2 protein chains.
Amino acid sequence: MFSKSCEYGLRAIIYIAQQTTLKNKVGLQEVSEEINSPKAFTSKVLSRLTKSNTITSIKGPYGGFIIEEHRLDSITISDVVRVFDGDSIYTSCGMGLKKCNENAPCPLHFKFVKIRDELKAMLESTTLKMLVDDMNTALFFLK
Amino acid sequence: MFSKSCEYGLRAIIYIAQQTTLKNKVGLQEVSEEINSPKAFTSKVLSRLTKSNTITSIKGPYGGFIIEEHRLDSITISDVVRVFDGDSIYTSCGMGLKKCNENAPCPLHFKFVKIRDELKAMLESTTLKMLVDDMNTALFFLK
DNA sequence: CTTATAACGGATATAGTTGTCCGTTATAAA
DNA sequence: TTTATAACGGACAACTATATCCGTTATAAG
């Protein structure tokens, strides 16, 4: 469904979001341990989130990664997915046709669009804040 | 969403199904032209569909590929997807956790399962016969 | 039986993704 | 100003998916 980069990115940003609400700044080492991901690769992943202005990085001693708290309810899962995988998940044809739309549909087009739109709605309506709140009321895992 | 192999496989089998209802046997050359896919690679794809007993191949002159007509309403899109991509699309975690289920869920698990189940239901309920019938009542494209 | 045809299958090439390594840059603390 | 720390960034390695090439096998027709 999503690329590995995107999967690590989702797990990482949710962990950072959670720690942000606890006023903790976290480093690469800690993130990769807590989400069980390869450290060097996770570094690239976090850089992409930083360059897309989704998270904030602080260099040097006592540095790390944070998310500005007021942004937790404006950053959605869809935002993160777009950073890594673009919008292909929302637009690309199920059977790989370059040009497939309601005017020139593949045989699966209309059934596919229905599911795709629901996925899109779910990802766009789910914010980091909602997920962090969920994690405070029940047990969820990131590794 | 699906692998390239799977995408070619879906387009190919729908084309073969359509031609089967017109009593036509089709060859590799024709299939790859009609679905706009690389010929040699499509050969591998069709071999997988043959070895999984989804389509039938006939070697030698006047050979080609067919689908036994009585099977058109028992072969689903899901069957084809499983041949190429297994059942990962139905079972794997959205954020890549090896062990993610309702007892040890990732933060997206329950929202994800909802969409996944709808996708599964759609793919499992869509038969080749339904798609071929659709193609007789409106214009659909395979390339 | 011979020939032409078309699927089959093994080997190899290419591309993209995932993953590692290591030196550089920024910066907080002493 | 020096030192230690942690993110950054470029190069490269490994792996997987995609794609091609070409000889082999089966078989229909003459």
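Mentor: Welcome! Let's begin with a term: helices (H or I, at least four residues) and strands (E, at least two) are DSSP runs, numbered from the N terminus. Residues are numbered from 1 along each chain as its sequence is written, while chains are lettered from A and ligands numbered from 1 in the order in which they are written. This is a predicted model, where local features need pLDDT of at least 70, side-chain atom pairs count only at pLDDT 80 or more, and totals for chains, interfaces and linings use all residues.

Trainee: Which element gives the largest share of the surface near DNA strand D?

Mentor: A residue is near a strand or molecule if its C-beta atom, placed from the backbone, lies within 6 Å of it. Here α3(A) gives the largest share of that surface, four residues. In total, 24 residues surround DNA strand D, and Gly27(A), Ser57(A), Lys4(B), Pro38(B) and Gly60(B) are the closest.

Trainee: And which residues come nearest to DNA strand C?

Mentor: Lys4(A), Pro38(A), Gly60(A), Gly27(B) and Ser57(B), out of 24 around that strand. For DNA strand C, the largest share, four residues, comes from α3(B).

Trainee: How many nonpolar, polar and charged residues are in the surface near DNA strand C?

Mentor: Ala, Val, Leu, Ile, Met, Phe, Trp, Tyr, Cys and Pro count as nonpolar, Asp, Glu, Lys and Arg as charged, and the others, Gly among them, as polar. That surface has nine nonpolar, eleven polar and four charged residues.

Trainee: How many residues does each chain give to the contact?

Mentor: Two residues are in contact if their C-beta atoms, placed from the backbone, lie within 7 Å. Chain A gives 29 residues and chain B gives 31. On chain A, α1 (4-21), α6 (109-125) and α7 (128-137) each supply at least two residues of the side touching chain B. That side has 20 nonpolar, three polar and six charged residues.

Trainee: How are the two copies related?

Mentor: Copies are superposed by least squares on the C-alpha atoms of residues with pLDDT of at least 70 in both. A turn of 180° with a shift of 0.0 Å along the axis lays chain A on chain B with an RMSD of 0.0 Å. The two copies are thus related as by a two-fold rotation axis. In chain A, Met1(A) has the C-alpha nearest the axis, 2.6 Å from it.

Trainee: At what angle do α1(B) and α3(B) pack?

Mentor: Axes are lines fitted to C-alpha atoms, for helices over the stretch in contact, and angles run from 0 to 180 degrees between N-to-C directions. These two helices pack at about 75°, with their axes 9 Å apart.
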